[in-house]
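Thank you all for coming; I would like to walk slowly through one structure today, taking one region after another. Please have a look at it on the screen before I begin.

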Amino acid sequence: MLNFARLYDERRFLVLFNNNAGRPNPPGVSVPGGWEDGGLLSGHWAGHYMTTLAQSYADQGEDVFKNKLDWMVHELGECQDALAAGGATVHPGYLGAYPEDVVLRLGPPRFAVYGGNPETNTWAPWYTQHKIMRGFLDAYELTGSERALAIVLKMADWAHRALTLGDVNHPDYSGPITRDELNYMWDLYIAGEYGGANEIFAHLHERTGDPKYLEIAMLFDNRESLFDACVDDQDILVTTPETRPGRRRPVRLHANTHVPQFTGYMRIFERTGEDEYHRAAKNFLRMVVPHRMFAHGGTSGNFPGSNNNIEMFQNRANIANAIAAGGAETCTTYNLLKLARNLFFHEQDPALIDYYERGLVNQIAGSRADTTSTSNPQVTYFQPLTPGASRGYGNTGTCCGGTGMENHTKYQESIYFYSADRSTLWVNLYIPSTLHWEEKVFTITQETDFPRVQATKLTVDGRGKLDIKLRVPGWVENGFLVRINGTKQTVNAKPGSYLTLTRNWRPGDTIDVSMPFSIRIERASDRPDTQSIFYGPLLMPILGNPGGGTYRELSLYRYLKRDGDYSRAAITPAGGQTFTTHGFTLRPHYTGDSLPHSPYFRRVEPAIVFGSIEAGVPNYKRNDGLPNYDVPVEGIPSPGTDGLTFLDLVWDQAPFPNHGRFMTAVLQTADEFLAAGLFTAEEKDLVVSAAARAREELKP
Ligand SMILES: [Zn+2]
């Protein structure tokens, strides 16, 4: 991606802006293409590219990134001035790759809708404004471009007029835009999509203190339906036609339209302290993670009986029955990570960073091809979980091509945080990096090849007291060992928490961390036999295409010993980070190729067995009332009668330190099944007797 940023011809981004501002273009320079082609989403990619250049410069310090960025900032500033001087705009300060009217027509009196007519339709005009403004702000924040700040402030002043005074020259103009009219604008599918425009204005308020910018940020509140519902923790991401709120919102909300709005709400909360913004964001994220989250961290897709748009949220608690329809737009995960990160600043819930890591090392790392291109960013759009699906790369001019350029130039953004009182350094992620904390005169160097290795090393260059918090990932099952200067530390390393190292540090102190991975199984919450395999943090899809969307079927319990370790016999190492099971190959999802693979499989465990000893009793399921959807899925009774099997419940208690503990688990579960009428007394005896006979078989 750095190579793309270095070598792509930045003049191509200016063509449409110049055309719109009446400025000439050099001969032979063409527009990027895709949606950056002169259509109604044009301009968004220029913004993403500016952010990419700014991030690349911050990361690498190479002049090439800064030179290109400075040139774009300068030229775009000239376009803004030319538009103002030419009197071609209703309000001063507008900058865009298409006429200002495309933005203004979204509001009253026209309330333009999404479509292809360049004279009457519109396409997420504030989304595009957000991307362009973000590009300038990143140029200012990451490379110190004062010119970029001046341009974005003019754009913001224009936005204030555009969103308060509105379309003043229209013959049917009836006065300033009302709150009700804003609600009507933001609830409209695609046309009303505004990205995270609100975060820009809250950011500008932080920089300038001008209350006008905070006012603009709040004009984007999606008050007609989603905002207030999220404050009240009412999950209306998908409704039925009968319960659909608002005048114009669809029954299913478009995922990537709404996720970034909540990052903006968090920025408003940070500026105002108004808790409802925080509450709305916190509740919203929890509606998605875990209730709509696939194994790789992505969300959204169709379900039987839903309309045919895989960018829309699936109904709550639907994982298994939303898989076969594709989905999981990469942009949405980009935005979910941003939101999780921002929420963590205010509430240090380790689950937020566990989610961040899941999304980063699986869907995001797996969103780029292991190839280089200087003409087309080799990143994904959707990342379907469908059995046998393959990933497609190459996204010139799309949303995911834009956020894709950003994703792979900012891996370092969430590795280290510090506490507001500067007493504590949070080490969230295990990524090779160097932290220069100038205020504390500390430099921390992290050396690792994680997640290709299961360890990391931090070297401290600094002196004095500092609490260093290390994240103990939720997936840790085999211990989390910490050594300082080679000496093993006694630490409280609870998975899904942070441990604290309090010390007077000296230059050269080292922290070595070892966190052995294990093979884990994760179940879809609505259908427990639909499962994915993980190796530590890594989703491990099964290579190959079973055909026709059918799942690979695996039986695994018969291979387990008392320690419950799948890697012993069921899913065994096959070199590097690959594994083998039942003759199939598993490899990390981050691998950037297009081979067909199955991130989920079906667990088939029809009989109760302990090693090779068969109890002669079916592996009955408990009735856990699954699935349990909030909105019906065609052909799937809900609440249903699915649930965990006898063997699931026993083995979920592994590892067992001795056979006695194993027998206790078997007996308790068998008693529960007897009490629930799932076992006869005879079946219970058969199961317990088989378990007792398996003592030698199950020895690790
Ligand atoms: Zn996208």
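Is cysteine 331 buried or exposed in this model? I should say at once that the model is a predicted one, and in it cysteine 331 counts as buried, because its relative accessibility is 0% and the cut-off for buried is under 20%. Cysteine 230 is buried as well, again with a relative accessible area of 0%.

With cysteines in view, you may wonder about disulfides, and the structure holds 0 of them. For those new to the term, a disulfide is a covalent bond between the sulfur atoms of two cysteines.

What, then, coordinates the zinc ion? The donors are Glu329, through OE, together with Cys331, Cys399 and Cys400, each through SG, at 2.1 to 2.5 Å. The angles among the 4 donor atoms run from 94 to 127°, and the site is tetrahedral. As general background, the ideal angle for four tetrahedral donors is 109.5 degrees. Read along the chain, the donors of the zinc ion follow the spacing E-x1-C-x67-C-C. Distant parts of the chain are linked here, since cysteine 331 lies in helix α15, residues 330-344, while cysteine 399 lies in helix α17, residues 399-407, and the two are 68 residues apart. Cysteine 399, like cysteine 331, is buried.

Let me turn to the nonpolar cores. The largest of them has 196 residues, and Leu470 and Phe610 are those with the most contacts inside it. Helix α7, residues 146-164, gives the largest share of this core, namely 11 residues. A second core, separate from that one, has 13 residues, among them Phe294, Ile323, Leu385 and Leu539. Leucine 470 itself, if we leave aside residues up to four places away in sequence, touches a list of residues including Val427, Tyr430, Phe480, Tyr498 and Ile511.

My last region is a hairpin. Along strand β3, residues 433-437, the side chains alternate, so that Ser433, Leu435 and Trp437 point to one face and are buried, whereas Thr434 and His436 point to the other face and are not buried. Strand β4, residues 442-447, pairs with β3 in the antiparallel sense over 5 bridges, and within β4 phenylalanine 442 is the bridge partner of tryptophan 437. The hairpin has 4 residues between the strands, and in it valine 441 takes a positive phi near 55°.

Methods:
Residues are numbered from 1 along each chain as its sequence is written. This is a predicted model: local features need pLDDT of at least 70, side-chain atom pairs count only at pLDDT 80 or more; totals for chains, interfaces and linings use all residues. Side-chain values use heavy atoms; hydrogens and water are left out. A disulfide is a pair of cysteine sulfur atoms within 2.5 Å. Buried means under 20% relative accessible area, exposed over 50%, partly exposed in between (1.4 Å probe, protein chains only). Two strands pair if DSSP finds at least two bridges between them. A nonpolar core is a set of buried Ala, Val, Leu, Ile, Met, Phe, Trp, Tyr and Cys residues joined through side-chain atoms within 4.5 Å. Contact means heavy atoms within 4.5 Å. Donors are N, O and S atoms within 2.8 Å of the metal (3.2 Å for Na, K and Ca); water is not among the atoms, so sites may look incomplete. Four donors count as tetrahedral if all angles lie between 85 and 135 degrees; four count as square planar and six as octahedral if opposite donors are over 155 degrees apart and all others between 65 and 115; anything else is irregular.
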